[in-house]
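Work through the exercises below with the sequence and the model side by side, and try each task before reading its solution.

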Amino acid sequence: MSQEYTIAVLPGDGIGPEVIAEAIKVMRVVETRLGLKLNLNEQPVGGAGYEASGKPLPDDTLKAAKSADAVLLGAVGGPKWEAIDFSLRPERALLGLRSELGLFANLRPAKVFRALTEASSLKPEVVEGLDVLVVRELTGGIYFGEPRGVETLPDGERRGINTLVYTESEIVRIAEVAFDVALKRNKKVCSVDKANVLEATGLWREVVTDLHKKKYSAVELSHMYVDNAAMQLVRNPKQFDVIVTTNMFGDILSDEASMLTGSIGMLPSASLGGKTAMYEPIHGSAPDIAGQDMANPLATILSVGMMFKYSLDREDVNTVLENVVESILDAGYRTKDIMSKGMKEVGCKAMGDLVVQAL
Ligand code: NAI
Ligand code: MG
C-alpha cells in the first residue's frame, strides 16, 4: 500500500492563492513520482477566512490543520481588511495557528543560490555559498510575557510595559531543535542572547550550555550577544551555520539574515514543535502585485521541500527541489522580483511549470 498523507493547504490572500497553486502542481508531480497519496485539504484563512465565516481562522480550518500531517500556508492580509478590529485582522490567523498547533520553533534558512549572488546588497564574495539557518523561539519571550500593557501612573503619565520571560523547559526544547537540526547540517550552533544585561537570557545561556554538555557534544557551540550577532551577520555571515535565539532577537535577526540573500520571494520557512508543523514562504500577500501572475512561487515551492524534509521524512525531496530551483536560476529564468539584465523574465505560472518540467 502506498504511503498516504493529509496536508492542510491554506492559500490565504493576495498572491497566496497564486503561489499555492504552483506548489500544488509540484506536490502532484512528487506524489506521482514517489507513488505517494497526498490528500490536499484546502481551507480558507486570513481575509479569505473572514469573508467565508467572519473569523480569520475559521473553526473548520483549524480542525483541518490540527488533524493534518502538515500545514502549507500561502500568505494572509491586505488593504481590504486593514480597517477592521485588530482581533479579526487576517494576521491574527497566524498567531492562532502557531499557538493552537504548539509551534514554538521557527526555522528560517537563508541560502544564497549561485545564480543570485549578485542580488545581495553585500559583496558577492561575502555571500557566495551562504547557507545560514535561524532557529527562532516562537511562543515565549517578550512577545508573550506578563505583565504587559499600557498603564496610567498616579501623576497621569502613561507607562508601557512588556516582560521578557523564559522558563528552563522553554529554553531546552528550542535548543534541542537547534542542536538536532545542526547535526544534519554543519554541526555548528551559535546561541544568541544578551546575557550581559538581561537575566532571562543569562539563564538562556546557562541552560543551552548545560544541554550541550549533556547531550550534544558532537555539535560546536558558541555564544554571541545579539548586538554583535547583528554586526557579524553583515560583516561575515558565512561564519554561521545554525543560529538559535529568543523570539524577539530571532524576529529581527531572521529578517536580517534573509535579506542577505536579496530576495524575499525565494525564502521558505518551517514552524515546528507540535504534532503538526506548518510551512510557509516568509513573504506576505503582496497586494501590489496580486492577480497579475507576477509573484515568485519559489519560496512556497521550497517550503514544500521543507515539509517533505521535516514532516514527511523525505529529505531527498527537499534536496531535489533545491537542485531544481538552482538549475532553473542557472538557466537564466527569473520572476520580476529577482530579474536582472540579460535574464529571461517569466510569470508565476511559467515558473511553476519550469519546476514541474525539471522534476
Ligand atoms: P510583502 O511581503 O507582502 O511584500 C513586500 C514587497 O515584496 C512587495 O513589494 C511585494 O510585491 C514583494 N513580494 C513579496 N512576496 C513576493 C513574491 N513571492 N514575489 C514577488 N514579489 C514579492 O509585505 P508587505 O507589503 O509589508 O505586506 C503586505 C500584506 O501581507 C500585509 O497585509 C501584511 O500584514 C501581510 N503579511 C503577511 C505575512 C504572512 O502571511 N506570513 C507576512 C508579512 C506580511
Ligand atoms: Mg518579522
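**Exercise 1.** In this predicted model, find the hairpin that β11 and β12 form, and work out how β12 is paired and covered.

*Solution.* Begin at the turn, where 4 residues lie between β11 and β12 and where Gly 273 has a positive phi of about 135 degrees. Next, follow the two strands of the hairpin: β11 (residues 268-272) pairs with β12 in the antiparallel sense over 4 bridges, and Ser 271 has Met 278 of β12 as its bridge partner. Then look for β3 (residues 70-75), which pairs with β12 in the parallel sense over 3 bridges, with Leu 72 standing opposite Tyr 279. Finally, consider the two faces, remembering that side chains in a regular strand alternate between the two faces of the sheet. Ala 277, Tyr 279 and Pro 281 are buried on one side of β12, while Met 278 and Glu 280 are buried on the other, so that 5 of the 5 residues in β12 (residues 277-281) are buried.

**Exercise 2.** Decide whether Asp 293 is buried, partly exposed or exposed, and do likewise for Asp 313.

*Solution.* First locate Asp 293 in the loop between β12 and α10 (298-310), where its phi is near 55 degrees, a positive value in a residue other than glycine. Asp 293 counts as partly exposed because it has 15 C-beta neighbours inside 10 Å. Now turn to Asp 313, which is found in the loop between α10 and α11 (315-330) and has a positive phi of about 60 degrees although it is not a glycine. Asp 313 is exposed, because 10 other C-beta atoms lie within 10 Å.

Conventions:
Residues are numbered from 1 along each chain as its sequence is written. Chains are lettered from A and ligands numbered from 1 in the order in which they are written. This is a predicted model: local features need pLDDT of at least 70, side-chain atom pairs count only at pLDDT 80 or more; totals for chains, interfaces and linings use all residues. A residue is buried if 20 or more other C-beta atoms lie within 10 Å of its own, exposed if 12 or fewer, and partly exposed in between; C-beta atoms are placed from the backbone. Two strands pair if DSSP finds at least two bridges between them.
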